[in-house]
Structure formats: C-alpha cells, structure tokens
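Trainee: Hi! I've just opened this one and could use a quick tour. Can we look at it together?
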Amino acid sequence: MSLALEPPDDFNHPYKPYDIQSDLMRHVYKAIECSRPAIVESPTGTGKSLSLICSTLSWLRDNTARAQTVVRADLQAQLAHTLSDEPAWVIEQEIARRLRELTQAEQDLTDRLTALREKEANIKRAKARANHTNKRQKVSHESETSPVGDADEEKFAPDEQDGEGEDDGLTPEVRQMMHSYHNRGNRHSSDADDEPDVTKVYYASRTHSQLAQFVQEIRKTSFADTTRIVPLGSRASLCINDKLKKACGGNTETLNERCLELQKAEKGSRCEFLPSQEEEDKMIGFRDRILATTLDLEDLEDLGRATHVCPYYGSRRAIRQAHVVTLPYNMLLQHAARESLGISLKGHIVIIDEAHNLIDTVLSINTVSIASTSISNALSGVQLYLQRFKTRLKGSNTVYLKQLLAIFRRLEAYCITWSESRQNAKAIEELMLPKALMEDLQGSIDQVDLHKLAAYMKTSKIAHKISGYANMQAEKQARAQQKPNKHKVLLVNAVYQIQSFLLALTNPSRDGRIIVSRAADSSNVSLRYLLLNPADSFRSIVDDARSVILAGGTMSPLSDFDNQLFGHLAADQKPMALSCGHVVPRQNISVSVIRSGPTKQDFRFTYENRDNLAMLQDLGSAIATLARVCPAGIVCFVPSYAFLDKLQAVWKSSGMIERIRKNKLIFMEPKTAGEVDAVLKGYSTANSSGNKGAILFAVVGAKLSEGINFADDMARAVIIVGIPYPNAASTELKERMHHLSAESKKRKEITDGGDQLYSNLAFRAVNQSIGRAIRHANDWASILLIDTRYATPALQAKLPQWIASEVQVPESFGLVLQKTARFRSSHVVT
C-alpha cells in the first residue's frame, strides 16, 4: 500500500477557486509532500493567502490521517503475531484500545479547547443580546516592579554561577544539575518541552498587520474551528508590564534583561504577570485559551491584560501544540531568536510571505556596524565595573571580563590609529577582508574563543549589569553636582553590537567584508561587517524544515532565490518554482514598449543620457499625449529622485509641465514620509467621479512603489520610465557582485552571477512598481514601458509571466497611442 499523498480534488477553499489558485494549491501540496522547497509568484488580487492556507492545512490534515493509518497497520502486524491464537474481533478491540491510549492526550486537549470555544461563543452571544459594543479597550495594570536604577549597587554584582562553562572543571551532568537548581523558579519552558511538538506551519511576513491579515483569512475557511493558531511577537510588542516598559525608556535590550531578571526574583519581586511554578494551572489555562480561539497579536495582548498573564510567555507555551504559528521575519530568520523562543523547525513547514526582499533582509539582519564612540563607552563601562566588583569575581568571570577589556582596548586603539593616519583626507572608507582586520587586532582576539565569550555574555547578562552600574554612578555624580544627568550611558546596545560584530568575524572570510569609514567632519570611525553570502545564514532553515515556501506577488526574476539561498541543494532537491498568471482576463491588460517619442527621440534612459534635454522633452511630450488618451489616474514611475528633480526643472523651463496639467492634475512623490498621506489623499480625490483625473510621478523603490494599492481609477495606466539599475559605484553592491561572479565561475556557470544580480535587482523593483495596479479580477490598466531596452527578449523574460506574455513592441509612438486608445474604448462606456 502506497502511503504517498496526492493533492486532493477539494482543498476546502471557501470560494470556487480560479484555475491559477488550484494550480498554486497543488504545487504547494506536492512540494510539502516531496519535502522540497517551493517558490511561488502569485500577483496581488489572485487570492494567494487563501491558497497557501488551504494547501498547507489540507496537507496537515492528510498527514495526520496517514500517521494514524501507519500506526494502525503497525499495531495490526504486531498484535497478529502476539495474539495469533485470538479471534479477529479481539485483535480489533485491542487495536482500538491502544489507539485511544496513543491519542488520549490530543483528544483531551481537543475537548478542552472545544469547551472553551463554546464558552467564548456564549459570552459573545450574551454581549450581543445586551447590545454591548465590541470596542477594544486597553487596560493598564500598575506593576509593583521597581523602576530601573532604584536598586543599590548589589543589584549589578556578578552572580555566583556567572561564567560557569566547559573550563570550570565540572562535568556536564553537574553543570546541568546546577543550571536546573538556579532556574527552579521558572519551569514554564521546561514543562512545555515535555509536550508533543505537533507538525505545524510557521508563517512569517514583514509586518504585524500582514500577519493579522493572514489570521483573518484563516477565519474565512472551514479549517478555522479546528486549527490551533499562535501569534508570536517580541517582548517589546507583547509586554503588558507598563511600569517596567516606562522605566526601560523604550530600550529593547534593557527591557529584555529586566524581564529575565524579574523571572528569577523571589516571590513578591517577580513580575506580577508571570505565574510562578505553583500557579502552573494559570499558565496552562492561558495557553489553552490561545489555542481555543483565533487570535492576532492585538487580541493576544488584550487576553493577557484581561487574565493578568504575560502574553509573551503564554504564547511561547502554546507553540508546541499549535498547528499554525505566525511570526515576523526577524524572529524566524535569526537563529538566536528561534533558540530564545524554543522554536525547532525540524520537520515543520515554513512559509515566508512577501519574500521578494528576503535576500536583502537576510543580509541586513547579519550586517553589523559599530562606532568608535560606542567602543570607548563600552570600554569605560567595563573598566568601571571591574574596579568596583574585582573582589567579587570568580576566576572564570575575571577571565571573560578581562578578555572583553582587551578586545575593547584593541578596537579603540585600531580606530584611533586608522583615523589619525588619514587626518588630511576627505570622507573616506577602506574595504578589507575580515581576516585582514583580525590580523590587525592580533594579540587581543587570536587567543579568545568568541563563541564561548558570547555564551558567557548571554548567560551572565553582563552587558545589562555593566550598563546599569555605569548609569547608577552617572546618576550619583549628577545628584552630587545638583545637575540633571543629561548623558545617560546606554551601554547594553553598544556591548551587544560589539559582540555581534566579533561573532560575525568568525564567519568564513570570503563570505563577508569589513568597511572602515569616517566622515570628513568627524573623528568617529565606523566598523561595518557586510555579509555577502546569505546562504549559510539561511541554510539552517532550509535543512531543518520539511519544506520552505517562498511566496510573493512579484518574485520575478526567480533565479536569485535559487542561486543565493538554495545553492547547496542537489538538483533533485532544488525549489519547485511556479509563476502564476493573473485572475484578470487577458483583454484587461495592455502592455506596450515605447521605444521613441512623438519627435522620434530614441528612449534609452541610461546614466550617460541623463542630460539629454531633447530626450527629456520628448518624454514630456509622450506623457502629455498619453495623459489625453488614458482615463482617470496615471502613475508614472521614474528611476530616482534626482531624475524626477531633473524632469521638473526641464519641463518647468520649457512649459511642458503646463501642457501635461491641461489633461491631468499633477502630483509628485514627496521625499519625506510625513507628506505621503496628503499627496495620496489629493491624488485619490482628483481621480474620483466627475474629475478629469491626475498623474502621480513616483520613484521606483521609494515610498509609493511597494505596499500601496492603486486599484481601479487610481491607476488606469502605469508608466515605467527607464530601467532603475542600482548605483554601480556602491561599495556594498560591487562586493556582492564580485562575490557572486566568483561563485558562478567556481560552479562553471555560463551566466555571470554578478551581472545577473545587477539586472535582477532592477527588474524586481520594476515588477514591484507595476504590481501597484491591477489589484483584482475586474480591474484593468495599460502598462507602458518607456525605454527601448524593454524590447529585448532577455529583459522581458525578467518580467512576471502574466506581463511578459502580453508585451507588444509597436514600431512608433503613434501606433502605441492608437493601441492605448483602442484599449480605453473597450473598457470605458461613453
């Protein structure tokens, strides 16, 4: 009997799915079953989220049934041998009894959650009958927690167990026993480890609003009543100890450290929202309420306030029993964050939505900068701490703190020497391999095990203690001088940044670069570790998860993801890629390449042609003419703010701007985020019924090219001017390109990896901008690509399939105009 799962005919989609939705669901289901990654591109408006939900939850359901079939078959074979003399009905009864035993814990949980759901439903019905409003009210519970800085110096003294490690002469068994003893006051996480870790979906996206929307989509399906969903957030977003948050002044690291301290505090000093071991039933009850109802992050916070239980730790307690866990990018992509939350991806499904910027996100998370001023502050803090507590330090504590001191001193000396040797230079920067910096720092780092040092800093919370003690001394000095302390030193972030920087140096040298820089008018030196290869950081996710699914509305070109994130996989394990069409009918999309304008100027908007005034004037003439033909709103994307400024100056001087304004009101994307809403509101009003419409000039890759909905009359035409290739002079980009070129040569590939990256970055930005329009099945718009290079088939292949298949290259601007006019006539009723 084959146990392989085939995609079902019915995925329990709440609506009749489009063909492309069915294709996507089958594709994702097959990838999960084959334990392979998948890359899926599904344009906005095609129901991507529901398709991901129905396909993954269908597989979870079918996999559970398969597991039961396997267990039953194994029991049947075992009992047929041991009870061979018994009749068949006896064997069947014994099988049924053992199956009940195996599933009893799950059934008990299911029964409890069903009762809780019914209770919640009754409460809601009662409220509805009483005509109560369902508005959320934020409840503020005052905490008895003392504000940071009010304790005496002993608060910052090293603990006796600080520094315990592999070099303390103790066996691992004894260290584990001591660790259990010291953490006896908080057993929530260890108790949770005994619970079964059911196969689940980890869903990650960029913002909490996107995660909340995903939960809303689950509520639309028949899976909602049986799917246990847990939203995860950071301490900063879920902490309900308002007094503690206020005392920490918005500093995330301080909040994290103080939270951990309050867990270990004696009764009466603990955080009032974290149940003690004796109140274990309270935490279990909170966990069950999370699992019983479909919550987003805001609901979770409200539940914590209503029950007086910490939602951060309560949600962590629910992870193992959940079917779906939602979490932001950084909590999934950072190994330390997963470890802190107790998340294991082994055998689970990972969905990363809005993944078009995933590579950049991975690189950004692992890129670390430290400033010489931070190094000096951290050095002063360590010296002050050692001077005060030197008689209290155990041998291992002393060793690690002296290592920190030596490293900070050497880093400070390096920055001073580097800056002094370039006193007369203007703004400068130097690029080097990490191993070159390590050689320059020799004598302080070469004898240090950076991984052990980092582990010590994590377990001892020494960064918080150093910072807290330094701040206390600064406060005392300010009071003695009867002056306010205006120079509060927050060393926690500085010490952790230096720690992250040092750990980054342990990566393979070829995978990173160091950029040392200084502004012309400053002596402050910056050391920046730049990660070039995201594969190693992402590999643990790929290797642990059963299947990693990257999804987005505009993922094209797809080759970057394959090469940079999944390069280590064998050919038969490479990602299964799918680029879906759009739900809009073909007649609702018109895609044209405009190679020249009304005066036959060749449109090639390269950097070299940026001052070609005749070409810029002809561009204005083309846009003015199109504005007369295209109805309602037009969004015109240009390569950069500098290009937009140039257009405005040229067109104002020539009067072209007034010619455009005769047909459409003109709006320009602002350079400051605070002005965006006002511009969008004015643009929307200008395109409302009865008005002549407007044209909005925006910049590719800026504020309006992503996350904005230009549906219907907000964008009956999208114009892309030029190809927004990134700045080739950027040090970071050049190093990434060199790295990928070397890797492609090593693999003997025909295509140069660096050149491919350069082109793909531009087209992913173009595709994101185009995706602002055509947002639903009945929408329609013209897509006008103004640059002769778009006529190249190789570049058209970098567009999403649903756009590339519709591209036409008319011979002249007049033919483009005729085509656009016909397209308008076919959709506008006059």
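Mentor: Happy to. Let's begin with the cysteines: a disulfide is a pair of cysteine sulfur atoms within 2.5 Å. Keep in mind that this is a predicted model.

Trainee: OK, so how many disulfides does the structure hold?

Mentor: Zero.

Trainee: And why is there no bond for Cys-310?

Mentor: Its closest cysteine sulfur belongs to Cys-259 and lies 6.1 Å away, which is too far for a bond.

Trainee: Is Cys-310 buried or exposed?

Mentor: Cys-310 is buried, at 12% relative accessibility. Cys-580 is buried as well, with a relative accessible area of 4%.

Trainee: Switching to strands. Why is β9 described as largely enclosed?

Mentor: Strand β9 covers residues 525–531, and five of its seven residues are buried, so the rest of the structure largely encloses it.

Trainee: Which strands does β9 pair with?

Mentor: One is β6, residues 368–371, which runs antiparallel to β9 and is joined to it by four bridges. There, Ala-371 sits opposite Ser-526. Another is β8, residues 512–518, also antiparallel, with seven bridges to β9. In that pairing, Ile-514 has Tyr-529 as its bridge partner.

Trainee: What joins β8 to β9?

Mentor: A hairpin, through six residues.

Trainee: New topic: how many salt bridges are there?

Mentor: A search of the whole structure finds 33. In general, side chains of opposite charge can pair when their charged atoms come close.

Trainee: Could you show me one within a helix?

Mentor: Try Asp-242 and Lys-245, whose side chains meet at 3.9 Å, N to O. Both lie in helix α8, residues 242–248, three residues apart, or about one turn of the helix. Lys-245 is partly exposed, at 27% relative accessible area. Asp-242 and Lys-245 are also linked with Glu-301 and Arg-305 in a network of salt bridges.

Trainee: Nice. Any other helix to look at?

Mentor: Look at α26, residues 656–661, where Glu-658 and Arg-661 are three residues apart, about one helical turn. Their closest N and O atoms are 2.6 Å apart in a salt bridge. Glu-658 is partly exposed at 44% relative accessibility, and Arg-661 is partly exposed at 31%.

Trainee: And what about Glu-806, which residue does it meet?

Mentor: Glu-806 forms a salt bridge with Arg-586, at 2.8 Å, N to O. This pair links distant parts of the chain, 220 residues apart: Glu-806 is in the loop between α31 and β18, and Arg-586 is in the loop between β11 and β12.

Trainee: Is Glu-806 buried or exposed?

Mentor: Glu-806 is buried, with 13% relative accessible area, whereas Arg-586 is exposed at 59% relative accessibility.

Technical notes: Residues are numbered from 1 along each chain as its sequence is written. This is a predicted model: local features need pLDDT of at least 70, side-chain atom pairs count only at pLDDT 80 or more; totals for chains, interfaces and linings use all residues. Side-chain values use heavy atoms; hydrogens and water are left out. Buried means under 20% relative accessible area, exposed over 50%, partly exposed in between (1.4 Å probe, protein chains only). Helices (H or I, at least four residues) and strands (E, at least two) are DSSP runs, numbered from the N terminus. Two strands pair if DSSP finds at least two bridges between them. A salt bridge is a side-chain nitrogen of Lys or Arg within 4 Å of a carboxyl oxygen of Asp or Glu.
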